[in-house]
Amino acid sequence: MNCQGQLKPVAAMVAVNLGLAVVNVLIKQILDRGVNHLVIITYRQSIAAFFISAIAFFLERKSRPKVTFQILCYLFSSALLGATITQYFFLIGLKYTSATFSCAFINLVPAITFILSLVFRQEKANIRSKCGRAKVLGTLICIGGALLLGLYRGMPLTNPSHSEPEIPRTSHPMTSISSNRTKNWAIGSVVLTAASLTWSSWFLIQDRISKKYPCHYFSIAIMSFFSAIQSATLSLILDRDISMWILKGKLEISTVLYAGMVASGLCYVLMSWCVKQRGPVFTAAFTPFVQMFVAMFDFSVLHEQIHLGSVLGSILVTSGLYILLWGKSKEEKDCVIKQSQVAEQDLECNMVSQVVPVTGYSLNPSRTQVFE
């Protein structure tokens, strides 16, 4: 793979995490205004389904293979794990904690993805090799950092006088979320762990889908459609208040539109493409960039406090992540070298086997002898 081919997935994942960071900051604001999280998921997935379907119609209508029942089952599972349940858990964790803390805790995704890849034999880890030990060590450091994030808050590192901005209230029954929330970090940590687990599972499922059905736009459109149905059904089961489906402010409407078209639409298409190009572990490894981008907006928009435990845990998780990523990159390079050596040996064997042995028969008529 040339340099340009290596940079495309990297640039794509940086752009994806920037888009996800922006939507996390915006959704945190409308959650504090009292908008139901299941309503957000249903609206954004419905918008993503229509938006990506239009793109898929123009780009993939001629090359699209037939959708089988097996593919539909994969896409339904992908929607359930990667969109509906993940976003449901993540938004609950976002409500109990802060945008920075939630994004920091999601840094567990690369380590969990790596562990699940080992369990389902989509990844290998040879403890005797340096790259194998690096991947295992990076995974353990990531887990330790995530435990520190969940169990230790520490002293605040920012000015507490700017930690709780005044937010306009609405008449919705859930308006008390912002004023009465106690930031129960233990509950938030458990829910965010569940979100990390389901999102990691999505990367593995998407790896299989990309191999069986390579049309990324159409597959994400179907996944978004399934997720919208699942979210609406879950919302009607838990709360049948019709008034919560009405979005009253410009911020709520613009956030849902952006979340649907960019976060649940284009970002998922790019992640699906990167999974096909470089695998689930590589794609999940860029998750900490969401936290870095959120931190840039957090002070100016949400004015959330940053605690010592969040900083120390984030440093551990990020360090473990890049140890894991280094081991993964080193393993891929070694694999390419071995493949090139095997290819050279096969070429030499083919050249030797193509040599024609010399016989005693001559095609020169003047030297032909007739035996009676």
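A salt bridge is a side-chain nitrogen of Lys or Arg within 4 Å of a carboxyl oxygen of Asp or Glu. In this predicted model, the structure holds one salt bridge. The partners are Lys211 and Asp207, whose side chains meet with a distance of 3.7 Å from N to O. This value is within the cut-off of 4 Å, and therefore the contact counts as a salt bridge. Side chains of opposite charge can pair when their charged atoms come close. Both residues belong to helix H8 (residues 185–212), and because Lys211 and Asp207 are four residues apart there, about one helical turn separates them. An α-helix has 3.6 residues a turn, so residues three or four places apart point the same way. The two partners differ in their surroundings: Lys211 is exposed, with a relative accessible area of 65%, whereas Asp207 is buried, at 7%.

The protein chain as a whole contains 13 helices and zero strands. Its pattern along the sequence is accordingly written as α-α-α-α-α-α-α-α-α-α-α-α-α. Of the 372 residues in the protein chain, 47% are buried.

Helix H8 also takes part in helix packing. Helix H5 (residues 109–119) packs with H8 at an angle of about 55 degrees, and the axes of the two helices are 9 Å apart. This angle makes H5 oblique to H8. The crossing of H5 and H8 is right-handed. H8 packs as well with helix H10 (residues 250–278), here at an angle of about 65 degrees and with the axes 9 Å apart. H8 is therefore roughly perpendicular to H10, since angles of 65 to 115 degrees fall in that class. The crossing of H8 and H10 is likewise right-handed.

Helix H5 is mostly covered, as eight of its eleven residues are buried. The buried residues of H5 are Val109, Pro110, Ala111, Ile112, Thr113, Phe114, Leu116 and Ser117. After H5 comes Arg121, which has a positive phi, near 60 degrees.

Within H8, Ser196 is buried, with a relative accessible area of 0%. The C-alpha atom of Ser196 is separated by 8.1 Å from that of Phe105, although the two residues are 91 residues apart along the chain. A similar description can be given for a residue of helix H3. Thr84 is found in H3 and is buried, with a relative accessible area of 3%. Between the C-alpha atoms of Thr84 and Leu38 the separation is 8.8 Å, while along the chain these residues are 46 residues apart.

Aromatic side chains provide a further set of contacts, and the count comes to nine aromatic pairs. One of them joins Phe57 and Phe58, with 5.3 Å from centre to centre and 80 degrees between the planes, and is edge-to-face. Phe57 is partly exposed, at 46% relative accessibility, and Phe58 is exposed, at 62%. Another pair is formed by Phe76 and Phe226: the ring centres are 5.5 Å apart and the planes stand at 70 degrees, so this pair is edge-to-face. It links distant parts of the chain, with Phe76 in helix H3 (residues 69–96) and Phe226 in helix H9 (residues 216–238), 150 residues apart. Phe76 is partly exposed, with a relative accessible area of 40%. Phe226, in contrast, has a relative accessibility of 18% and counts as buried, because buried means under 20% relative accessible area. Trp199, Trp202, Phe203 and Tyr268 form one aromatic cluster.

Two arginines are placed over aromatic rings. Arg61 lies over the face of Phe57, at 4.9 Å from the ring centre. Phe57 is thus a member of an edge-to-face pair with Phe58 and also the ring beneath Arg61. Arg64 lies over the face of Phe218, with 4.5 Å to the ring centre.

Technical notes: Residues are numbered from 1 along each chain as its sequence is written. Side-chain values use heavy atoms; hydrogens and water are left out. Rings of Phe, Tyr and Trp (its six-membered ring) pair if their centres lie within 6.5 Å; planes under 30 degrees apart count as stacked, over 60 as edge-to-face and the rest as tilted. Buried means under 20% relative accessible area, exposed over 50%, partly exposed in between (1.4 Å probe, protein chains only). A charge sits over a ring if NZ of Lys or CZ of Arg is within 6 Å of the ring centre and within 35 degrees of the ring normal. Axes are lines fitted to C-alpha atoms, for helices over the stretch in contact, and angles run from 0 to 180 degrees between N-to-C directions. Angles under 35 degrees count as roughly parallel, over 145 as roughly antiparallel, 65 to 115 as roughly perpendicular and the rest as oblique. A crossing is left-handed if the near helix is turned anticlockwise from the far one by less than a right angle, and right-handed if clockwise.
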